[in-house]
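Good morning, colleagues. Please look at the sequence and the structure as I bring them up; I shall then take you through a few of their features.

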Amino acid sequence: MERYINRSSGIKAYKIGDEYILVKFDSFKTYKYSYRKAGRFKVEKMKILAMSGKGLNSYINKYAKYSYD
């Protein structure tokens, strides 16, 4: 997993796959957001935010909070 740059966000790390993103939170829980459940648009947006190191937690809370597999 890649370390998430914004350490104060509540996210520790992420891993990007072709059709999913894994997000590890400070609680040490890891959630998988996939095309199947969250949709392609949301997953691709989360990938961009994860790589930029900002806005991922806010985006998940606003648009994809319960869309994990």
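Let me begin at the surface of this predicted model. I16, I48 and M51 form a nonpolar patch there, and together they have about 280 Å² of accessible area. One member of that patch, I48, belongs to helix α1. Is I48 buried or exposed? Its relative accessibility is 52%, and exposed means over 50%, so I48 counts as exposed.

I turn next to helix α2, which spans residues 56–64. Which of its residues are buried? They are L56, N57, Y59, I60 and A64. Viewed down the axis of α2, these buried residues fall within an arc of 160°, and they therefore line one face of the helix. The general geometry is familiar: an α-helix has 3.6 residues a turn, so residues three or four places apart point the same way. On the other side of α2, S58 and K62 are exposed.

What do the buried residues of α2 pack against? Their partners are three strands, β2 (11–16), β3 (20–25) and β4 (30–34), together with helix α1 (40–52).

Strand β4 brings me to my last residue, S34, which lies in that strand. With a relative accessibility of 6%, S34 counts as buried, because buried means under 20%. Which residues is S34 in contact with, once neighbours within four places in sequence are left aside? The contacts of S34 are E19, Y20, G39, V43 and D69.

Thank you for your attention. I should be glad to take questions.

Definitions and conventions: Residues are numbered from 1 along each chain as its sequence is written. This is a predicted model: local features need pLDDT of at least 70, side-chain atom pairs count only at pLDDT 80 or more; totals for chains, interfaces and linings use all residues. Side-chain values use heavy atoms; hydrogens and water are left out. Buried means under 20% relative accessible area, exposed over 50%, partly exposed in between (1.4 Å probe, protein chains only). Helices (H or I, at least four residues) and strands (E, at least two) are DSSP runs, numbered from the N terminus. The arc is that of the directions from the helix axis to the C-beta atoms. Contact means heavy atoms within 4.5 Å. Patches are made of residues with over 30% relative accessible area and no salt bridge: like charges are joined within 9 Å, nonpolar side chains (Val, Leu, Ile, Met, Phe, Trp, Tyr) within 5 Å. Accessible areas come from the Shrake-Rupley method with a 1.4 Å probe; for residues, only the protein chains shown count as cover. A salt bridge is a side-chain nitrogen of Lys or Arg within 4 Å of a carboxyl oxygen of Asp or Glu.
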